[in-house]
Amino acid sequence: MRDSPETRPGPNPVVTLIPGDGIGPRIATATTRVLEAAGARVTWETRLAGVAAIEAHHTPLPEGTLASIRQNRVALKGPLTTPVGVGFRSINVALRKEFDLYANVRPARTLMPGGRFEDIDLVLIRENTEGLYVGVEHYIGMGDDPRAAAESVMIITRFGAERIVRYAFEYALRNGRRKVTLAHKANILKFTQGLFLDTGRAIAREYEGKVEFDDRIIDATAMQLVLNPWQFDVLVMENMFGDILSDEMAGLVGGLGMAPGANIGERAALFEPVHGSAPDIAGRGVANPAAMILAGCMMLDHIGQGDVARRITGALEAALREQDSLTPDLGGSAGTDDFADAVLRRLET
Ligand code: NAD
């Protein structure tokens, strides 16, 4: 994957590395070992966020971390723990807002044969800043009940719809993809989803003859993804639909342990595994580092080191195919470092 020149730094870029919480530091170390052994030309600038930052700096998102991302424009991030209900708000959401990381790119590709679906190669592009997830919501009191009703506002702007659909088409062109499918619910939500669809259709006309386009209702898309996923290629949709369908797509290729993601804006790009900090297995050294290694590969693509990324994905796929040192989530009994070693062995050959 490549992105706009504004976010692509020079030949030896400094990359902000946020190891994260829970399993984060262990899979981050495995990832940097693999990237360095493969010849990635990057200098890591390690910064804290999340629970680790609260312990060290008394804030989940220290200014030094933000300043580092602002300066370097590229970050590789491990998972961050967000307390449920109480405590600080999601740092992931805060980072998306701070740097206007409007495009969430989630590839889903079959890496390990023998799953329920073979030869899946899809990319979901999710609008990351608008929709219901802007968090404009409130309770409405009635009589004695202060929470008799609740209301959330879905915000779609022509600007936001245009830039995400354009991003999807440009992504398709850059990556030799044949088709963009826009998924929506304009039959029911005629204003918000209608604006998203109409805007998307107008942008699609600019790419006629270069990239195919179709649009589908979101619920039918969800079903078709399970019945016949091979009919799709690049999918684009608003925030919440993208959140749900990208997890469905991760399920087609073996689950969250294998799913990387990128959050792209004009001023910065942040790459991460899709899974969380896995507190249930943290500290045991058995987490699967594949998703974070793949996020590292997306980062390398972004900074123009696609050759290194392809070597790593080749080695990773070989280790998975040959079932060498698989972690327990993939049915093996090896540890995080053992799997990283298996990838390293294949890089050497
Ligand atoms: P989770 O993804 O951490 O874990 C879900 C299940 O998947 C667990 O059983 C876990 O052991 C397993 N799992 C996840 N990653 C794995 C890996 N690499 N290898 C093997 N198994 C793995 O989701 P959760 O438990 O709902 O969330 C835990 C914390 O992570 C929460 O605080 C949540 O807010 C946070 N979270 C952060 C991010 C992020 O930083 N991008 C994303 C999702 C959740």
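Glu272, written E272 here, sits in strand β12. The structure is a predicted model, and this report goes from two single residues to the cores and then to the open and closed spaces.

**Two buried residues**

E272 has a relative accessible area of 10%. Because buried means under 20% relative accessible area, E272 counts as buried. The side chain of E272 is joined to the side chain of K77 by a polar contact of 2.9 Å. Setting aside neighbours within four places in sequence, the contacts of E272 are K77, N92, R96, P260, G261, N263 and A295. K77 therefore appears both in the contact list and as the partner in the polar contact, while E272 itself is buried.

The second residue is T336, which belongs to helix α11, residues 336-348. Is T336 buried or exposed? Its relative accessibility is 0%, so T336 is buried. Beyond the neighbours within four places in sequence, T336 is in contact with R26, I27, A30, G285, V286, A287, P289 and T327.

**The nonpolar cores**

The largest nonpolar core contains 74 residues. Within this core, I125, F271 and L300 have the most contacts. Helix α9 contributes nine residues, the most of any element. A second core, separate from this one, has 16 residues, and I120, L235, F241 and L252 are among them.

L300 can be followed further. Not counting residues up to four places away in sequence, L300 touches L35, A40, V42, Q305, G306, V308, A309 and I312.

**Pockets and the cavity**

The table lists the volumes and the makeup of the linings.

| Space | Volume | Nonpolar residues | Polar residues | Charged residues |
|---|---|---|---|---|
| Largest pocket | about 750 Å³ | nine | 13 | 10 |
| Second largest pocket | about 520 Å³ | 15 | three | five |
| Largest cavity | about 30 Å³ | five | one | one |

Which residues lie nearest the centre of the largest pocket? They are S90, N92, V93, R96 and R126, out of a lining of 32 residues. Two or more lining residues come from each of α4 (91-98), β4 (103-109), α8 (239-252), β11 (260-264) and β12 (269-273). With four residues, α4 gives the most to this lining. N92 and R96, named here near the pocket centre, are also contacts of E272.

The second largest pocket has a lining of 23 residues. Nearest its centre are P107, R109, M298, D301 and T313. At least two lining residues are supplied by each of β4, β5 (121-127), α9 (290-302) and α10 (306-321). Here α9 gives the most, with four residues. Helix α9 is also the element that gives the most to the largest nonpolar core.

How many cavities of 30 Å³ or more does the structure hold? There is one. The residues around the largest cavity are R106, P107, A108, S246, M249, A250 and A259. Both β4 and α8 supply at least two residues of this lining. P107 lines the cavity and is also one of the residues nearest the centre of the second largest pocket.

How values were computed
Residues numbered from 1 in each chain as written. Predicted model: local features only at pLDDT ≥ 70, side-chain atom pairs only at ≥ 80, totals over all residues. Heavy atoms only, no water. 1 Å grid on protein atoms, 1.4 Å probe; cavity = no way out; pocket = protein on both sides within 12 Å on 5 of 7 lines; lining within 4 Å. Points joined across faces, edges and corners; volume = space filled by probe spheres on them. Nonpolar A, V, L, I, M, F, W, Y, C, P; charged D, E, K, R; others polar. Core = buried A, V, L, I, M, F, W, Y, C linked by side-chain atoms within 4.5 Å. Buried < 20%, exposed > 50% of the residue type's maximum accessible area, 1.4 Å probe, protein only. Contact = heavy atoms within 4.5 Å. Polar contact = N/O pair within 3.5 Å; in protein donor to acceptor, adjacent residues only side chain to side chain.
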